[in-house]
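Let's go through this model by asking what lies behind each label. Have the sequence and structure open as you read.

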Amino acid sequence: MKIAILGTGSVGGILGRRWAQLGHTIRFGSRLPTSEKVLQLVADCGPSTRGTTWHEAITDSEVILLAIPWPATQEALGELGDLGGRVLIDATNPLTADFSGIELGHTTSAAEQIADWAPTARVVKAFNSASTKVMADPVFGDHRASMFYCGDDLPAKAMVRELVTGLGFDPIDAGPLTSARYIEPLAMLYIHLAFKQGWGSNCAFEVLKR
Ligand SMILES: NC(=O)c1ccc[n+]([C@@H]2O[C@H](COP(=O)([O-])OP(=O)(O)OC[C@H]3O[C@@H](n4cnc5c(N)ncnc54)[C@H](OP(=O)(O)O)[C@@H]3O)[C@@H](O)[C@H]2O)c1
């Protein structure tokens with residue numbers, strides 16, 4: 001797939017590297033595409049990868065990964081304008097400035113806000129409930145970390161499921177985009193376990209069924 005990754009931080013960097021290794025075409029959209037950080041990322045990903053502006057990154061893409069801080073999201077999507085039916089994967093978590101909680105919940109979610117701000121995109125929530133260590137390697141012995149995703153557009157969800165599965169996660173379809181109201185607080189539980197309860201970020205959620 002042709003994937004534009006907006007945000008070249010921890011999440012954008014690891015998912016871009018891994019998808020490039022899996023043969024996807026990656027365009028990193030950055031505020032500073034010629035920075036040392038972006039040049040290194042592009043070099044790590046190989047010759048088919050480019051670092052560029054956000055607009056150029058999305059021009060040729062089928063899928064956009066939004067991996068930027070929540071407070072920057074509304075303005076960023078406003079500047080991007082018409083997303084022409086592209087699949088927009090929302091990996092954000094609407095964390096408060098001190099990371100002690102989330103700004104939205106129960107009656108709406110970051111993903112639903114994003115769908116309002118980007119009405120021509122097909123929004124799928126994913127990749128917000130695992131750490132970047134787990135994104136780098138979701139396999140724990142005989143177990144695979146679960147990755148929850150949700151959205152209202154079934155073909156868009158199928159594409160995201162393929163990307164999730166390709167990385168080694170167990171994909172868990174949580175239903176419509178409103179399910180982000182549950183997946184986003186789950187990320188807060190993860191942060192709490194990892195950083196307050198001392199588990200660290202090399203742990204993951206797994207859904208069991210029988
Ligand atoms: N870290 C995790 O374990 C994790 C896990 C799941 C979800 N998330 C969520 O995923 C999103 C990205 O997290 P991250 O850890 O990758 O963040 P990060 O390391 O801080 O990187 C965010 C990137 O977003 C871009 N950006 C665009 N506008 C920005 C602004 N106004 N201020 C700062 N950066 C801006 C920057 O890339 P350029 O400099 O290239 O523009 C920056 O490197 C967040 O919403 C976070 O809550 C994080």
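Q: Why is isoleucine 64 called buried?
A: Isoleucine 64 sits in strand E4, where strands (E) are DSSP runs of at least two residues, helices (H or I) are runs of at least four, and both are numbered from the N terminus. Buried means under 20% relative accessible area, exposed means over 50%, and partly exposed is in between, with a 1.4 Å probe and protein chains only. Isoleucine 64 comes in at 0%, so it counts as buried.

Q: What should I keep in mind about where these values come from?
A: This is a predicted model, in which local features need pLDDT of at least 70, side-chain atom pairs count only at pLDDT 80 or more, and totals for chains, interfaces and linings use all residues. Residues are numbered from 1 along each chain as its sequence is written, and side-chain values use heavy atoms, with hydrogens and water left out.

Q: What is isoleucine 64 in contact with, leaving aside neighbours within four places in sequence?
A: Contact means heavy atoms within 4.5 Å. On that basis, isoleucine 64 is in contact with Ala4, Leu6, Ile58, Leu83, Arg86, Val87, Leu88 and Ile89. As for aspartate 90, its C-alpha is 8.6 Å from that of isoleucine 64, with their places 26 residues apart in sequence.

Q: How do you know that E1 and E4 pair?
A: Two strands pair if DSSP finds at least two bridges between them. Strands E1 (residues 2-6) and E4 (residues 63-66) are joined by four bridges and run parallel, with leucine 6 opposite leucine 66 in E4. E1 also pairs with E2 in the parallel sense, over five bridges, and there isoleucine 5 stands opposite phenylalanine 28.

Q: What makes E3 and E10 the edges of the sheet?
A: The sheet is open, with eight strands in the order E3-E2-E1-E4-E5-E6-E9-E10 and mixed pairing. E3 and E10 (170-173) each have a single partner strand, so one side of each is left without a neighbour in the sheet. The twist averages 25 degrees from one strand to the next; angles run from 0 to 180 degrees between N-to-C directions, and axes are lines fitted to C-alpha atoms, for helices over the stretch in contact.

Q: Why is E2 described as largely enclosed?
A: Four of its five residues are buried, so the rest of the structure largely encloses E2.

Q: Which helix lies across E4, E5 and E6?
A: That's H5 (residues 110-117), running at about 165 degrees to E6. H8 packs on the sheet too, touching E5, E6 and E9 (146-151), and its direction makes about 145 degrees with that of E9.

Q: Why do we say the buried residues of H2 line one face?
A: In H2 (residues 36-45), the buried ones are Val38, Leu41, Val42 and Cys45. Down the helix axis they fall within an arc of 95 degrees, so they line one face; the arc is that of the directions from the helix axis to the C-beta atoms. Glu36 and Ala43, on the other side, are exposed. The buried residues pack against helix H1 (10-21), strand E2 (25-29) and strand E3 (50-52).

Q: Why is serine 201 called buried?
A: Its relative accessible area is 17%, so serine 201 makes the cut. Serine 201 lies in the segment after H8 (180-196).

Q: What makes the link between serine 201 and lysine 133 a polar contact?
A: A polar contact is a pair of N or O atoms within 3.5 Å; within protein, one must be able to donate a hydrogen and the other to accept it, and residues adjacent in sequence count only if both atoms are side-chain atoms. The side chains of serine 201 and lysine 133 are joined by such a contact at 3.4 Å.

Q: Is alanine 194 buried or exposed?
A: Alanine 194, in H8, has 5% relative accessibility, so it counts as buried. Not counting residues up to four places away, alanine 194 touches Trp199, Gly200 and Ser201.

Q: Why is phenylalanine 99 called exposed?
A: Phenylalanine 99 has a relative accessible area of 53%, so it qualifies as exposed. This residue is in the loop between E5 and H5, and its phi is positive, near 65 degrees.
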